[in-house]
Amino acid sequence: MHAAPMDAELSVSVRVIQEQRATLALNTQGKGYGPQSPRDIDTIKGNNPRIFAEAPPYSKMNLCNIHFHKNAEHRGGEFTQYAGHGDGHGNGSGYQYSGQLSAAELTPLPHTLGDSKHGSLHPGDTIEVHYVHSSAQVSPGPTLGACLSEENSNPQLRVETQVYVLVHDAEGRDFTELTQLGVINGLHQALNIPANTGKPVQYAGSTTGPGYNEKASPLQVSWSVRPLVMKLDINTVASWLKGNVFNEDHAHGVRNLVVNPDLLSDNTEE
């Protein structure tokens, strides 16, 4: 069976998305913005000439934030099913797990989860989790602000990315385990970032989120996006949302997929 239907919400026409992309192009043309995210990870091509140093491996940086978006912001691998145009503000759009789930895995929850004005989470939903790392001397905390410090307001940033599909099945992975924090060699780390979901696609990009649908993000980010989807026990997501150091209690919206070649880097990072 396919993924569960999304929350009922207004879906704008494709023209709205096209207009947002046209505005983004107009607002960035000739202004020197660096490569943007998210993108299709199956095709790494682009014309953006801005180059910045690749961030170190995440094991040599501080984990500063973990959050997730409802539906994948990136496209590719096992998440290629378009969710639709959404409401034009990042809700109801993005990409979903393109595989099959059983009827048992899609059994509805008896309660709402991650409820917000933009909807809630259900078995069958796809989420894209961002494990954000910083070269600054910082500790894990809420928002991107946790990745910056008074002493280092321009750190190198790396986002380790894993796409999950939520299943009503105790055999799914435990999100509290996958987000467990610790200190290794003096650095804050997420101890159990998946290492068995395919070779990550690494590329130069930016921060994401629907606030950048019509303007560019000025921040430089080294991305590492795993192509395979992992099944996640939805009940463990509920446990995490009830209390975490990041103050996360719902899923974030998605930025439109960046398709303008002038806003995309042209090679993967090793």
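This tour proceeds through a predicted model, one selection at a time.

**Helix 1**

Begin by selecting residues 14-28, which form helix 1. At 1.5 Å a residue, its 15 residues should span 21 Å, and the C-alpha atoms at its ends are indeed 21 Å apart, so the expected and modelled spans agree. Next, display the side chains of Ile17, Gln20, Leu24 and Thr28, which are buried. Viewed down the axis of helix 1, the buried residues fall within an arc of 60 degrees, so they line one face of the helix. An α-helix has 3.6 residues a turn, so residues three or four places apart point the same way. On the other side of helix 1, select Arg15 and Leu26; both are exposed. Gly30 follows the helix, with a positive phi near 70 degrees.

**A cis peptide bond**

Continue along the chain to Ser37 and Pro38, and display the peptide bond that links them. The bond is cis, with omega near 5 degrees. Pro38 is situated in the loop between helix 1 and strand 1 (62-70). Most residues other than glycine have a negative phi, and most peptide bonds are trans.

**The disulfide**

Now select the cysteines Cys64 and Cys147, whose sulfur atoms are 2.1 Å apart in a disulfide. A search of the whole structure finds one such bond. Cys64 belongs to strand 1, whereas Cys147 is in the loop between strand 4 (126-134) and strand 5; the pair therefore ties together parts that are 83 residues apart in sequence. The S-S torsion is about 85 degrees, so the disulfide is right-handed. Cys64 has a relative accessibility of 0% and counts as buried, and Cys147, at 0%, also counts as buried.

**The nonpolar cores**

Turn to the largest nonpolar core, which holds 25 residues. Which of these residues touch the most other members? Select Phe79, Leu101, Trp223, Val225 and Val229. Strand 5 (157-167), strand 8 (201-205) and strand 9 (221-225) each supply at least two residues of this core. The largest share, five residues, comes from strand 5.

Centre the view on Val229 and display its surroundings. Beyond residues up to four places away in sequence, Val229 touches Glu78, Phe79, Tyr97, Gln162, Val163, Tyr164 and Val165. Apart from this core lies another, of 24 residues, including Val129, Leu178, Ile193 and Val237. In soluble globular proteins, nonpolar side chains tend to be buried together.

**Tyr212 and its contacts**

Select Tyr212, in the loop between strand 8 and strand 9. With neighbours within four places in sequence left aside, Tyr212 is in contact with Leu24, Thr207, Ser217, Pro218 and Arg255. Leu24 in this list is one of the buried residues of helix 1. Add Gly90 to the selection: its C-alpha atom is 9.9 Å from that of Tyr212, although the two residues are 122 residues apart along the chain.

**Two asparagines with positive phi**

Finish with Asn185 and Asn247. Asn185 is located in the loop between strand 6 (181-184) and strand 7 (187-190). Its phi is near 50 degrees, a positive value in a residue other than glycine. Is Asn185 buried or exposed? At 77% relative accessibility, Asn185 counts as exposed. Asn247 is in the segment after helix 3 (234-241). Although not a glycine, Asn247 has a positive phi of about 60 degrees. Asn247 is likewise exposed, with a relative accessible area of 59%.

Methods: Residues numbered from 1 in each chain as written. Predicted model: local features only at pLDDT ≥ 70, side-chain atom pairs only at ≥ 80, totals over all residues. Heavy atoms only, no water. Core = buried A, V, L, I, M, F, W, Y, C linked by side-chain atoms within 4.5 Å. Buried < 20%, exposed > 50% of the residue type's maximum accessible area, 1.4 Å probe, protein only. Helix = DSSP H or I, 4+ residues; strand = E, 2+ residues; numbered from the N terminus. Contact = heavy atoms within 4.5 Å. Expected span 1.5 Å × (residues − 1). Arc of directions from axis to C-beta. Disulfide = S-S within 2.5 Å.
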